[in-house]
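Here are a few short exercises to work through with the model open beside you. Try each task before you read its solution.

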Amino acid sequence: MKQYKYIINDNEYVVDVGERKGDTTSVCVNGETYNVTVIPEPKPQKKTVPPPPAPQKKSEGENDLQDALRSPLPGTIVEITTSVGTDVKEGDTLVVLEAMKMNNNLTAERDGIVKAILVKEGEAVKENTPLITFE
């Protein structure tokens, strides 16, 4: 048995704590015995964090859209002035886009070779739609 002394609100208490049997412990406070049931603390639940998704590998021949010529605004493709494999220079007109009743020439932003044309003439496109990719 363990004995403890407590002062609560200026009153002294002598507490004898007996052996624990299951969830019950015998406690004697200033000569009066009590059977105390101990409520076990809940075990903390392990939080599982799902693993991050695996990076997707590009399939062979998949277009790299990072450097693609993109539509600056919504409109309709009126004309495509290049073809796959064409060597283009910065400033060459590649696509004519009709937007807000005006034809807009979309030009190559750098020298390169046309890898893929992702749209067709007459197709409606949204802003930032990839139009042409380069090697």
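**Exercise 1. Find the place of Asp111 in the chain, and decide whether Asp111 is buried, partly exposed or exposed.**

Solution. Step one: in this predicted model, look at the loop between β9 (102-107) and β10 (112-117), where Asp111 sits. Step two: take the relative accessibility of Asp111, which is 43%. Step three: partly exposed covers the range between under 20% (buried) and over 50% (exposed), so Asp111 falls into the partly exposed class. Step four: look at the company that Asp111 keeps. Together with Asp87, Glu90, Asp92 and Glu109, Asp111 forms a negative surface patch.

**Exercise 2. Work out which elements the chain holds and how its radius of gyration compares with that of a compact globule.**

Solution. Step one: count the elements; the chain has twelve strands and zero helices. Step two: read them from the N terminus, and the order is β-β-β-β-β-β-β-β-β-β-β-β. Step three: turn to the radius of gyration, which is 39 Å, whereas a compact globule of 135 residues would have one near 14 Å. Step four: set beside this the span of the C-alpha trace along its principal axes, about 100 × 35 × 25 Å. Step five: add the burial figure; 23% of the 135 residues are buried.

**Exercise 3. Name the residues of the nonpolar surface patch of about 290 Å².**

Solution. Step one: pick out Tyr4, Tyr6 and Ile8, which make this patch. Step two: place Tyr4, which belongs to strand β1 (residues 2-8). Step three: check its exposure; Tyr4 counts as partly exposed because its relative accessibility is 34%.

**Exercise 4. Locate the salt bridge in the structure and classify the exposure of its partners.**

Solution. Step one: expect one salt bridge in the structure. Step two: find it between the side chains of Arg20 and Asp23, at 4.0 Å from N to O. Step three: Asp23 has 42% relative accessibility and therefore counts as partly exposed. Step four: Arg20, at 47%, is partly exposed too.

**Exercise 5. Say where Asp10 and Met100, two residues with positive phi, are placed.**

Solution. Step one: Asp10 is not a glycine, yet its phi is about 65°. Step two: its place is the loop between β1 and β2 (11-21). Step three: with a relative accessible area of 75%, Asp10 is exposed. Step four: Met100, also a residue other than glycine, has a positive phi near 55°. Step five: Met100 lies in the loop between β8 (93-99) and β9, and its 71% relative accessibility makes it exposed.

Key
Residues numbered from 1 in each chain as written. Predicted model: local features only at pLDDT ≥ 70, side-chain atom pairs only at ≥ 80, totals over all residues. Heavy atoms only, no water. Patch = residues over 30% accessible without salt bridge, like charges linked within 9 Å, V, L, I, M, F, W, Y side chains within 5 Å. Areas by Shrake-Rupley, 256 points an atom, 1.4 Å probe, with all protein chains shown as cover. Lys, Arg positive; Asp, Glu negative; His and termini not counted. Charge placed at Lys NZ, Arg CZ, Asp CG, Glu CD. Helix = DSSP H or I, 4+ residues; strand = E, 2+ residues; numbered from the N terminus. Buried < 20%, exposed > 50% of the residue type's maximum accessible area, 1.4 Å probe, protein only. Rg over C-alpha atoms; globule rule 2.2 N^0.38 Å.
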